Amino acid sequence: MDFIFFYFFFFIITNKKINLKTYGSIMLHSKWGGTFLNEDNRYIYNDYINEKCEEIAKDCQISKRTLKTLISKLKKCDIKIFEPMIVGTDLVYRLNYSVEGEEYITINSVALRKLCNAYSENALKLYLIFSYSCIEVEKNKDSKSYKVKQVEKLITQKWLCEKLGISYNNRIVITDCVNALKKGGFIKVRQEYKLSASNKNKVVNMHKKPEFYYSLSEDYLID
């Protein structure tokens, strides 16, 4: 099972210069750096991007012209996740995902392909947020390696709106994307109710306030 590595900074999620569906689609066409560059990177030739331009644009459901504009923005982005370099006489782009002191997450390539091909930009962003938030990292006994396990987390719509960079008044975007991700088998959502008290005119009223618990799912692998 192949996994794709993704930078994970919340300011990347809200960075308007970075179209994550475009970046994800290019990631899917890229190769491991290995001894060619280094084991912490993926790379893709410029000629190969040009060759696959129509396919990538179709996957992202955009025109070739729009794709080229988005790629141009990636090149100019001050966050070097799409770094041009010359190898021999060829123009190559290094897709950096590992920088000392920074965090990244891994995404199943099937999940990334489906999200890039059939879901919105915001849905992909939310899945990245859930992939980061719904895990815990434990240090193994040897103190040199780590174990990652999936966990269920209580997450508010207000927090998701903040991380996605949208107004809480537009939280219907979160609701729609969450429903799409749940239906597609990417996440699971459990709802509970918490009693909340309010005091109006010296009368105490109790209200049920919904709380949502999220966890990752691999049901998207079932065709």
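Does C116 count as buried or exposed, and at what relative accessibility? At 0% relative accessibility, C116 counts as buried. Keep that cysteine in mind, as we'll come back to it below.

## The big picture

First things first: you're looking at a predicted model. The protein has nine helices and eleven strands. Of its 223 residues, 40% are buried.

Now for the contacts. Take those with a separation of 6 or more: 62% of them are between residues 24 or more positions apart. On the outside, the protein exposes about 13200 Å², and carbon and sulfur atoms supply 48% of that.

## How far to trust it

The mean pLDDT of the protein is 84, with 87% of the residues at 70 or more. Among the elements, helix α9 (residues 172-183) comes out on top with a mean pLDDT of 97, while strand β1 (residues 3-7) has the lowest, at 64. Where pLDDT is low, the predicted coordinates shouldn't be read in detail.

## Back to the cysteines

How many disulfides does a search of the whole structure find? It's zero. A disulfide is a covalent bond between the sulfur atoms of two cysteines.

Take C116 again: the closest cysteine sulfur to its own is in C60, and at 5.9 Å that is too far for a bond. The cut-off for a disulfide is 2.5 Å between the sulfur atoms. C134 is another buried cysteine, with a relative accessible area of 0%.

## Salt bridges

So much for sulfur; what about charged side chains? A search of the whole structure turns up four salt bridges. One of them pairs E83 with R94, whose closest N and O atoms are 3.5 Å apart. This pair links distant parts of the chain, eleven residues apart: E83 sits in strand β4 (residues 83-87) and R94 in strand β5 (residues 90-96). E83 is partly exposed, with a relative accessible area of 23%, whereas R94 counts as buried at 19%.

Which residues are linked with R190 in a network of salt bridges? They are E152 and E192. R190 and E152 have their closest N and O atoms 2.7 Å apart. That pair also links distant parts of the chain, with R190 in strand β10 (residues 187-200) and E152, 38 residues away, in the loop between β8 (146-150) and β9 (153-154). The side chains of R190 and E192 meet at 2.3 Å, N to O.

And how covered are these three? R190 is partly exposed at 32% relative accessible area, E152 is partly exposed at 38%, and E192 counts as partly exposed at 35%.

Methods. Residues are numbered from 1 along each chain as its sequence is written. This is a predicted model: local features need pLDDT of at least 70, side-chain atom pairs count only at pLDDT 80 or more; totals for chains, interfaces and linings use all residues. Side-chain values use heavy atoms; hydrogens and water are left out. Helices (H or I, at least four residues) and strands (E, at least two) are DSSP runs, numbered from the N terminus. Buried means under 20% relative accessible area, exposed over 50%, partly exposed in between (1.4 Å probe, protein chains only). Contact means heavy atoms within 4.5 Å. Accessible areas come from the Shrake-Rupley method with a 1.4 Å probe; for residues, only the protein chains shown count as cover. pLDDT is the predictor's confidence in each residue, from 0 to 100.
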